[in-house]
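I opened my notebook to look up the ligand and its surroundings. Here is what I looked at.

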Amino acid sequence: MKKLKVDYVDLVLLHQPLNDYYAAYRVLEEYYKAGKIKSIGVSNFSPNRLADIAAFNEVIPQVNQVEVNPFHQQIKAHTNMQERHIQIEAWAPFGEGKNNIFQEQTLQEIGKAHNKSIAQVILRWLIQREVVVLAKSVHKARLAENFDVFDFELTEQEMLTISRLDTSSSMFFDFEDPKTVDMFVELIKKRRNL
Ligand SMILES: NC(=O)c1ccc[n+]([C@@H]2O[C@H](COP(=O)([O-])OP(=O)(O)OC[C@H]3O[C@@H](n4cnc5c(N)ncnc54)[C@H](OP(=O)(O)O)[C@@H]3O)[C@@H](O)[C@H]2O)c1
């Protein structure tokens with residue numbers, strides 16, 4: 001907060017369910033109760049980790065930020081979050097450009113029908129699924145393009161067509177694989193110069 005020069009923060013997320021994340025979550029709860037953090041949440045929590053942390057803490061996480069894009073749609077995880085009144089938020093909505101997503105034919109055709117880009121189709125698809133989405137770009141024109149998604153609507157048929165692109169697997173990490181934990185541990189060690 002000192003660095004940001006603010007008196008409170010709107011939302012803080014715990015990045016991973018690793019190490020002593022219960023203790024970390026309880027510190028977030030203290031800040032939440034003191035009004036220093038307006039909303040607290042988590043990220044990369046699988047349905048069972050999310051159920052666990054929601055069950056054994058006073059404040060239910062308000063958000064779970066997970067990878068969501070046309071190739072990894074998180075249908076089951078989303079239903080689990082809706083049942084627990086936890087808002088899903090997408091990271092890598094464009095899969096960071098992997099798998100030639102910006103050339104994908106189905107998305108291209110849908111975009112053509114609405115005079116919109118593939119990025120805009122993806123953002124619209126997420127918004128219509130009630131997924132909170134933060135798209136990242138360092139280009140001003142793309143930022144403007146990414147905001148320009150509130151003047152069209154995808155049809156039910158188009159939503160269904162996009163649902164068929166789901167592979168139900170991550171383009172980045174397998175969170176069930178212990179090697180993924182090793183990778184994060186190494187990252188933390190590097191950051192701490194250990
Ligand atoms: N919680 C987590 O574990 C986690 C993991 C990864 C990411 N995140 C967060 O998720 C947010 C977004 O995800 P992300 O940056 O990883 O991936 P992303 O939004 O899927 O992809 C960003 C890439 O898409 C390009 N792009 C953006 N708008 C575009 C457009 N209209 N047309 C064509 N290309 C476009 C960007 O290029 P340019 O910048 O060159 O325009 C950038 O290379 C970030 O805030 C990030 O911090 C969270």
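Entry one, the shell. I counted 20 residues around the ligand, each with a heavy atom within 4 Å of it. Q65, F94, E96, S137 and R142 are the closest. This is a predicted model: local features need pLDDT of at least 70, side-chain atom pairs count only at pLDDT 80 or more, and totals for chains, interfaces and linings use all residues. Residues are numbered from 1 along each chain as its sequence is written, and side-chain values use heavy atoms, with hydrogens and water left out.

Entry two, the make-up. I sorted the shell into eight nonpolar, eight polar and four charged residues. Nonpolar covers Ala, Val, Leu, Ile, Met, Phe, Trp, Tyr, Cys and Pro; charged covers Asp, Glu, Lys and Arg; the others, Gly among them, are polar. Helix α6 (residues 140-147) gives the largest share of the shell, three residues. Helices are DSSP runs of H or I with at least four residues, strands are runs of E with at least two, and both are numbered from the N terminus.

Entry three, polar contacts (N or O atoms within 3.5 Å). I found a polar side-chain atom of H139 at 3.0 Å from a ligand oxygen. A backbone N or O atom of A92 lies 3.2 Å from an oxygen atom of the ligand. For P93, a backbone N or O atom is 3.3 Å from a ligand oxygen. Alone, the ligand exposes 910 Å², and the protein buries 77% of that (Shrake-Rupley method, 1.4 Å probe).

Entry four, Q16. I placed Q16 in the loop between β1 (9-14) and α1 (21-33). Is Q16 buried or exposed? Q16 is buried, because its relative accessible area is 12%, and buried means under 20% with a 1.4 Å probe, protein chains only. Leaving out residues up to four places away in sequence, Q16 touches Y21, S43, N44, F45, F175 and F184, with heavy atoms within 4.5 Å.

Methods. Polar contact = N/O pair within 3.5 Å; in protein donor to acceptor, adjacent residues only side chain to side chain. Buried < 20%, exposed > 50% of the residue type's maximum accessible area, 1.4 Å probe, protein only.
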